[in-house]
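Work through the exercises below with the sequence and the model open side by side. Try each task before reading its solution.

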Amino acid sequence: MSLDPSRTVAELRELQRLTGDDDGAQRVAWTETWERAREWLRTKVAGTGADENVDAAGNQWFTLAGASDRAVLIGGHIDSVPNGGWLDGALNVVAGVEVLRRVAEQGEPPVKVRLVNWADEEGARFGRSLFGSSAAAGSMSDQNELRARRDADGVALPDALGQHGVDLDRALEARSELDGAAAYLELHIEQGPVLEALDLPLGVVLGTFGVERHQVTFRGQAAHAGSTPMDKRRDALAGASRLELEIREIAKTTGDGAVCTMGGVVTKPGIVTSVVETAECLLDQRHLDAARLAGMLDEAKSASERFASEEQIEVGWERIWNIEPILFDEALIELADESIREVAGASHRLPSGPLHDAAEVARAGIPTVMLFVQSLRGLSHTKLEDTKEEHLELSVQALDRLVTKTLDRVAGP
Ligand SMILES: [Zn+2]
């Protein structure tokens, strides 16, 4: 039984029929539909002879024994957002099954090959993404906060997890699953427009963006819209507006994928008859390079201070959240590039804007790489999410090549 990428496409459609409806995929983690998807995956893997175990964080592992105790990991997530697409996350678990079949048929691999279906990548029900992978990576540090989380119906997170056999207090025990991991490989849909614009089916992911999120608050003086002359105003919204336009220039001049977004501005008093007294802006900045991310932040700060002084208002910055860029492994990036060129002729290297389970695994020090396959119209997290079947098939081939090359490398002298 050699690799059959068309079977992956057929199985993805089967999964969608089993766990989706007219509005899209409904495999939200910690629900019955999600369990049904996990049971379905179990039946698909059964023929390969891989052993299943579910770890303390609910991650589902399938292990093909190898000649040594080290392991090459292939990871994805079968959970989806509500009304999600048919490919986000599921592509890699289902493609991974096909690769397991091919590897198993060729006899014992030099090291273990393990497929992992991470629990709750999306965080759709409780608002906490990358649950299972952060537990396994040992970076989950918010268990106290998680204990207090509730879903929209008021169900507490620990209770929902308990119904699926997961004890939040023990979730970090999943960490032992990464013992002996020599490499982590993840295939994912791009969820953006870059590869489609380049007319390329596949690309190698260099890493995930670092993110700086701040609340920037401009403070001026409320004053009557009728009686206050234009040159006597201290208009907080003027500072916010100038900063919003400036961050676009900062991203443009920084380049190499830099993005800056002002995702919201709340003005007070927010009535038509008053000059704006406070404007609270939500600013999100991302780059793959830590120094350039820091540079973008500095530029935005000094621009905001310049605008504040010119408008005779004040400005304050407060960090909401940040994460360092997470870079993937250079040797694996080379192997991924080679694999893509072999199956598709040309490759492209690009950063990932969204975080993925791969970022957690890389943070834990495991050499990691991701492959992206083109998304049509860049759409994801909607039932409109789609990828050409021929590209899906190429992606299965590229993953398979990458697994072979990685096994050779890991087993080599
Ligand atoms: Zn995903």
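The exercises cover the metal site, the pockets, some buried residues and the backbone.

The model is predicted, so local features need pLDDT of at least 70, side-chain atom pairs count only at pLDDT 80 or more, and totals for chains, interfaces and linings use all residues. Residues are numbered from 1 along each chain as its sequence is written, and side-chain values use heavy atoms, with hydrogens and water left out.

**Exercise 1. The zinc site**

Find the protein donors of the zinc ion and give their spacing along the chain.

Solution.
- Step 1. Search around the ion for donors (N, O and S atoms within 2.8 Å of the metal, or 3.2 Å for Na, K and Ca; water is not among the atoms, so sites may look incomplete).
- Step 2. The search returns His77 through NE2, Asp88 through OD and His188 through NE2, at 2.0 to 2.1 Å from the zinc ion.
- Step 3. Write the spacing: H-x10-D-x99-H.
- Step 4. Place two of the donors. His77 and Asp88, 11 residues apart, both sit in the loop between strand 5 (68–76) and helix 3 (90–105). Helices (H or I, at least four residues) and strands (E, at least two) are DSSP runs, numbered from the N terminus.
- Step 5. Check burial (buried is under 20% relative accessible area, exposed over 50%, partly exposed in between; 1.4 Å probe, protein chains only). His77 is buried at 0%. Asp88 is buried at 4%.

**Exercise 2. The largest pocket**

Give the volume of the largest pocket, then describe its lining.

Solution.
- Step 1. Fix the terms. On a 1 Å grid over the protein atoms alone, a cavity is a set of points where a 1.4 Å probe fits but cannot get out; a pocket is an open set with protein on both sides within 12 Å along at least five of seven lines; lining residues have an atom within 4 Å of a point. Grid points are joined across faces, edges and corners, and a volume is the space filled by probe spheres set on the points.
- Step 2. The volume of the largest pocket is about 730 Å³.
- Step 3. Its lining has 28 residues, and Arg128, Ser129, Leu130, Trp321 and Leu355 are the closest to the centre.
- Step 4. Strand 9 (210–219), strand 12 (314–323) and helix 11 (357–363) each give two or more residues to this lining. Strand 12 gives the most, three.
- Step 5. Sort the lining by class (Ala, Val, Leu, Ile, Met, Phe, Trp, Tyr, Cys and Pro are nonpolar; Asp, Glu, Lys and Arg charged; the others, Gly among them, polar). The split is seven nonpolar, 11 polar and 10 charged.

**Exercise 3. The second largest pocket**

Repeat the analysis for the second largest pocket.

Solution.
- Step 1. The volume of the second largest pocket is about 220 Å³.
- Step 2. Its lining has 15 residues, with Glu190, Val194, Pro351, Ser352 and Gly353 the closest to the centre.
- Step 3. Strand 14 (residues 349–352) is the largest contributor to this lining, with three residues.
- Step 4. By class, this lining has eight nonpolar residues, six polar and one charged.

**Exercise 4. Two basic side chains**

Which side chains form polar contacts with Arg114 and Lys405?

Solution.
- Step 1. Apply the cut-off for a polar contact (a pair of N or O atoms within 3.5 Å; within protein, one must be able to donate a hydrogen and the other to accept it, and residues adjacent in sequence count only if both atoms are side-chain atoms).
- Step 2. Arg114 lies in strand 6 (residues 111–117) and is buried at 8%. Its side chain meets that of Glu177 at 2.7 Å.
- Step 3. Lys405 lies in helix 12 (residues 389–411) and is buried at 16%. Its side chain meets that of Glu342 at 2.6 Å.
- Step 4. List contacts (heavy atoms within 4.5 Å). Beyond four places in sequence, Lys405 touches Leu335, Glu338, Ser339 and Glu342.

**Exercise 5. Backbone details**

Locate the cis peptide bond that leads to Pro269, then give the phi values of Asp120 and Gln191.

Solution.
- Step 1. The cis bond runs from Lys268 to Pro269, with omega near 5°. Pro269 is in the loop between strand 10 (259–268) and strand 11 (278–287).
- Step 2. Asp120 is not a glycine, yet its phi is positive, near 55°. Asp120 is buried at 3%.
- Step 3. Gln191, also not a glycine, has a positive phi of about 65°. Gln191 lies in the loop between strand 7 (181–189) and helix 7 (194–198).
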